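Here's a quick briefing on the model below, for someone who likes cut-offs spelled out. Have a look at the structure first, then read on.

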Amino acid sequence: NIFLVTITGDAEHYFEVRDQYDAQVMDLVIENSPFALAKLKQMDINTMYYWGWFNTDVLKKYEEMSKNIDVSFIGLITCRSKRLDYINYLTKNGVNLKYYGYGAPCGIISTVEKVKIYNGSKINLIFSDVAEQPRLTRKHKICRRLKGIKGNNFEITLCGGFLLSEYIYGIENFFKIGKEIEVFHDKEELLQKINYYLEHEEERENIAKNGYERAIKDYDVKPAVPKLLLTI
């Protein structure tokens with residue numbers, strides 16, 4: 001008499017050791033990774049996309065807040081991380097970048113501080129790589145190429161921030177590229193787009209506005225959960 005549903009997360013870390021086994025006893029698996037979704041469908045497991053679990057009482061837009069940070073990044077930084085290479089490349093090319101989190105000069109910050117940074121940044125930067133390797137295959141060098149959809153994509157847009165994300169296959173399922181968010185594929189394109197959008201404020205703010213409206217409509221927890229229950 002029970003319809004059993006599981007909501008997964010961080011499939012790039014846990015699919016091999018957790019998700020593919022748990023899924024076998026579920027009536028529905030809710031998945032945010034396009035790769036995991038395809039694998040589960042290949043196994044004939046009932047699976048659907050869904051990602052709408054963000055609290056807009058905390059993640060919110062400050063209408064009157066001035067944007068005094070050119071570019072910001074919040075996330076894990078390690079000495080072997082590709083992220084650090086990109087950050088060094090940007091700073092050497094004159095980008096005024098502030099970055100926060102474990103391993104960053106500004107250190108770990110609170111959620112309240114994070115929301116203020118999202119609101120106060122002209123450009124919010126996201127890297128899609130997996131900073132720590134998957135549990136089962138962490139010794140395999142090819143796994144350093146793995147990427148994942150990040151929760152920060154939704155947090156930034158819910159705060160009304162302009163999002164510039166490293167491209168990952170499937171992100172277009174959640175936002176329209178060039179209209180609601182922007183993406184980059186390599187260092188050179190990242191630098192070019194940062195310089196472009198710093199100079200073109202009106203275009204940048206219009207994309208941020210569209211991203212905010214999409215996020216409020218689809219990724220605020222208050223409408224998202226009733227929609228999910230209706231779907232089930």
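With 232 residues, a compact globule would have a radius of gyration near 17 Å, and the chain comes in at 18 Å, which agrees. That radius is taken over C-alpha atoms, and the globule rule is 2.2 Å times the number of residues to the power 0.38. Keep in mind that this is a predicted model, where local features need pLDDT of at least 70, side-chain atom pairs count only at pLDDT 80 or more, and totals for chains, interfaces and linings use all residues. Residues are numbered from 1 along each chain as its sequence is written, and side-chain values use heavy atoms, with hydrogens and water left out.

**Overall picture**

- The C-alpha atoms fit a box of roughly 60 × 40 × 30 Å along the principal axes.
- Secondary structure adds up to 8 helices and 8 strands; these are DSSP runs numbered from the N terminus, with helices being H or I of at least four residues and strands E of at least two.
- Of the 232 residues, 47% count as buried, where buried means under 20% relative accessible area, exposed means over 50%, and partly exposed is in between (1.4 Å probe, protein chains only).
- Take the contacts (heavy atoms within 4.5 Å) between residues at least 6 apart in sequence: 63% of them join residues at least 24 apart.

**Surface and charge**

- The chain exposes about 12300 Å², with carbon and sulfur atoms supplying 51% of it; the areas come from the Shrake-Rupley method with a 1.4 Å probe, and for residues only the protein chains shown count as cover.
- There are 32 positive and 32 negative side chains, and the centres of the two sets sit 4 Å apart.
- For that tally, Lys and Arg are positive, Asp and Glu are negative, and His and the chain ends are not counted; each charge is placed at NZ of Lys, CZ of Arg, CG of Asp or CD of Glu.

**Backbone oddities**

- Most residues other than glycine have a negative phi.
- Asp10 isn't a glycine, yet has a positive phi of about 55°; you'll find Asp10 in the loop between β1 (5-7) and α1, partly exposed at 43% relative accessibility.
- Asp44 is another non-glycine with a positive phi, this time about 65°. Asp44 sits in the loop between α2 and β3 (47-49) and is exposed, at 72% relative accessible area.

**Two spots around the early elements**

- Ser33 lies in the loop between β2 (28-31) and α2 (34-42), and counts as buried because its relative accessible area is 8%.
- Setting aside neighbours within four places in sequence, Ser33 is in contact with Ala11 and Tyr49.
- Val17 belongs to helix α1 (residues 11-22) and is partly exposed, with a relative accessible area of 40%.
- Val17 and Leu191 are 174 residues apart in sequence, and their C-alpha atoms are 37 Å apart in space.

**Cysteines**

- The structure holds 0 disulfides, a disulfide being a pair of cysteine sulfur atoms within 2.5 Å.
- Cys106 is in no disulfide, and the nearest cysteine sulfur, that of Cys159, is 18 Å away.
- Why is Cys159 without a bond to Cys106? The sulfur in Cys106 is the closest cysteine sulfur to that of Cys159, but at 18 Å it is too far for a bond.
- Buried or exposed? Cys159 is buried, at 1% relative accessible area, while Cys106 counts as partly exposed at 41%.
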